[in-house]
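Open the model in your viewer and keep a selection box ready. Each stop below says what to select and what to look for there.

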Amino acid sequence: MHRKVYKLGDIEKILTYVPAIFISLLTVASLIILFLVTQYREHSEIELYTQQQAFIEQNHLASYISDVDTQVKKDLTKVEAKLKRSVHILKGISMGLGEGSQKEQHLVRHIKALELEGGVKFLLFDNALNILHGQKVAHSIRTLIFGEKHGKRHLDITLMYMKSQGNDSSMSWKNDLTKTIQLSYFVMEEHAQIYIGAFSSVDYFRNLTTTAYINAIASGLYNPEGYYFWFYDQARNKVYNLENHMRWQEGRLLSKKSILYKIGKYDISIGITQLKRDKAAQYDRTIMEIKKQLIHKRNVIALIIMLLSIVLLIFTVIFSDFIKKIFAAFTRREERRSRQISGLKERYELAVVASNDGLWDTNFKTKKTFFSKKWLDMLGYERGDIRSYDDWLSIIHPDDVHRVIEDIRAHTSDEEKEHLVCEYRLKKKNGDYIWVLGRGKAFVDEEGKPIRLSMMSMDIDEKKAADKKLKALVEKELAKNERKRRMLIQQNKMAAMGEMIGAIAHQWRQPLNNISLILHFIRDNAKSKSFVEEKMDDFVNRAKVQIEYMSHTIDDFRDFYQPSKEKGSFCVSEAIRTTLTIMGTQIEKHHIGVEIEGEAMEVNGYENEFKQAILNILSNAKDAIVTKKAQKGKFQGKIAITIVEDTIRIYNNGGAADQQVLERMFEPYFTTKFEDKGTGIGLYMTKMIIENSMGGEISAHNRDEGVEFIIKGMQ
């Protein structure tokens, strides 16, 4: 049987008509219930009034009994106070006796003296449960607890129970068989570690209760107005104050209609009697008044119900009209939303088709996985070839599967990774592998365990091939750029050659003069008899020395300008000294002092390129000193080179540089010299060599009216 599906129109009719029908039925039901309740109320109130008189008498009787019981408890409280006072007296005596072997004997004598005064029995025992006084009292309590069991163990348990109640403990010992009570009060004398207990004499509850009731009746303090109490002793068949005469009478005169409160366990009863009764006329008047009041209330309530029903029906009509308007607006809104959802669904489907992505979704709880048709077509599979998450893992390339699993684990364990993005290879049905880009999200439960994984897969095989080709092109271009960079370095060396040629010429001028003088001397003295062969050999050797010096100079310049092809380990200080040798003539020409200090430092790199970088720095330092000398006249130029750990500091006192110059001095083609004296690529090439070829860092700053270059961090 099919369940009915309610439409909005059905719901509208229900909300329109059901409230009105419900209110009408509720009104009829309310009037019927009102009539029945009124009838029941009339019967109940008449019966209640009938019982009221008896209740009043019972209430007076209960109040009287409660007051007498309170008096009985007060009597027991007085007994308890007496016991407490007696125990504390003994405790004070015990503490006053101090220590000694005779202490217990003296204390027992005081106990016996107090017992002779009457009404109190004492029990004295120590922490080891040894009874020092009051054997009979202890045995009677043991009998009360255990009955006929008189063993030493039962007596110890009795004493342990008294001991467990703690210091300043009050107890009552009731015997339900004999209907007696005995009170006790215990304290502990801490110094002597003994327990002192006082017991009242055994009394009968019946005697206490009977005496209290007779005294209360005789005093007349508890009699309510218009009533008096009397006491009936069933065991003696005697009645006290039966006719309010304050005397005992025979029990046969007792009326069966009198209100009694029986205390069965003591075989006694307490009754109450009204002094005068004249209630017939009052009863009829009260009954009529009850009926009139209930009829009036019933009419008023019925009128209120009818008015409320009319008001509710009016509001129902208004509410129905309001509901119709709401449903009409809701229907229009839902139709508009439905059109929007249809449009969004259509756009989503078009977007999925346009993205050319395949969708797959797996539910880890149900172990079910869905693969879209596009995903299957992308790999050449048919529906049913790939069924589960494990099947998907099995077609991932072996080199990629562990990385993909780790990416999924990292995504599910890291809350900051909102989406999973990974690239991997999947096996097609024909056995080939294609690269895909997976994008999706894993959903986890409260414990962080994945419960669902949804992914979109895009075929990026062609893109990967293009990326590989592009990477090869980039590497090729980088190699070209590296060759161009080295050519630029070499060109920078060649640019500095013009200045170096002058240095070579200056270094050759003196040896050439010496050779010229030797040749003239040989020519002038060759025909002289005194010019022997030995002198001839001496001058030839001198000429050879000058020629070797010139040849060595040429070799130094040739090695310096030869580009380095491979990295190698070299000593930084030796490379700097070689560079200073190349510039030696220029430095000497301008009378510049050079100092080298520091440690030996080995680095791995291109030695000649490093020398070129140092040459550029020294050349700029020399130019700065020369410029400053031209401006100030007499001035001692200085270049200081310090090598400490992995840092090289090259300082010159050729004057501080402007902040703008410091910020831009390593930029290409930036120079502060005239166009015919500088190209602006020297320090730029220095930075490129130090940072790109040597893996270090270079910076410059002003110091002591000069500039200091700092090179550090070379490999």
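Of the 715 residues in the protein chain, 36% are buried (under 20% relative accessible area; exposed is over 50% and partly exposed in between, with a 1.4 Å probe and protein chains only). This is a predicted model, in which local features need pLDDT of at least 70 and side-chain atom pairs count only at pLDDT 80 or more, while totals for chains, interfaces and linings use all residues. Residues are numbered from 1 along each chain as its sequence is written, and side-chain values use heavy atoms, with hydrogens and water left out.

Colour by secondary structure. The protein chain has 16 helices and 23 strands (DSSP runs numbered from the N terminus: H or I of at least four residues for helices, E of at least two for strands). Contacts (heavy atoms within 4.5 Å) between residues at least 6 apart in sequence join residues at least 24 apart in 61% of cases.

**Stop 1: two packed helices**

Select 135–146, which is helix α3, and 152–164, which is α4. Their axes are 9 Å apart and meet at an angle of about 95° (axes are lines fitted to C-alpha atoms, for helices over the stretch in contact, and angles run from 0 to 180 degrees between N-to-C directions). That makes α3 roughly perpendicular to α4 (65 to 115 degrees; under 35 counts as roughly parallel, over 145 as roughly antiparallel and the rest as oblique). Show side chains at the interface: Ala138, His139, Ile141, Arg142, Ile145 and Phe146 of α3 meet His154, Leu155, Ile157, Thr158 and Met162 of α4.

**Stop 2: Asn167**

Move on to Asn167, in the loop between α4 and β3 (169–175). Is Asn167 buried or partly exposed? Its relative accessible area is 35%, so Asn167 is partly exposed. Leaving aside residues up to four places away in sequence, Asn167 touches Lys91, Phe186, Val187, Met188 and Glu190. The C-alpha atoms of Asn167 and Glu190 are 9.6 Å apart, although 23 residues separate the two in sequence. Draw a distance from the Asn167 side chain to the backbone nitrogen of Met188: the value is 2.7 Å.

**Stop 3: an antiparallel sheet**

Next, find the open sheet of five strands in the order β13-β12-β16-β15-β14, with antiparallel pairing (strands pair if DSSP finds at least two bridges between them). The edges are β13 (368–371) and β14 (420–427); each has a single partner strand, so one side of each is left without a neighbour in the sheet. From one strand to the next, the twist averages 25°.

Select β14 together with β15 (433–444): eight bridges join these antiparallel strands. Val421 has Arg439 in β15 as its bridge partner. Then add helix α9 (398–413), which lies across β14, β15 and β16 (450–459) and runs at about 155° to β14.

**Stop 4: a mixed sheet**

Go to the open sheet in the order β18-β20-β21-β23-β22, five strands with mixed pairing. Its edge strands, β18 (592–598) and β22 (697–702), each pair on one side only. Neighbouring strands here are turned by 15° against each other on average, direction ignored. β22 runs antiparallel to β23 (707–712), with six bridges between them. Put Ile698 and Ile711 on display: Ile698 stands opposite Ile711 in β23. Helix α12 (572–582) lies across β18, β20 (637–644) and β21 (647–652), at about 160° to β20.

**Stop 5: the largest core**

Which residues have the most contacts inside the largest nonpolar core? Select Val572, Ile576, Phe610, Ile648, Ile650, Phe709 and Met714; the core has 39 residues (a nonpolar core is a set of buried Ala, Val, Leu, Ile, Met, Phe, Trp, Tyr and Cys residues joined through side-chain atoms within 4.5 Å). Its largest share, eight residues, comes from α14. Centre on Ile648, whose contacts beyond four places in sequence include Val572, Ile576, Phe610, Phe709 and Met714. Apart from this core lies another, of 25 residues, among them Ile386, Leu393, Cys422 and Val436.

**Stop 6: Glu708**

Finish in strand β23, at Glu708. Glu708 is buried, with a relative accessible area of 3%. Its side chain makes a polar contact of 3.3 Å with the side chain of Arg649 (a pair of N or O atoms within 3.5 Å; within protein, one must be able to donate a hydrogen and the other to accept it, and residues adjacent in sequence count only if both atoms are side-chain atoms). Another polar contact, of 2.6 Å, joins the side chains of Glu708 and Arg703. Glu708 also touches residues including Ile650, Tyr651, Ser699 and His701.
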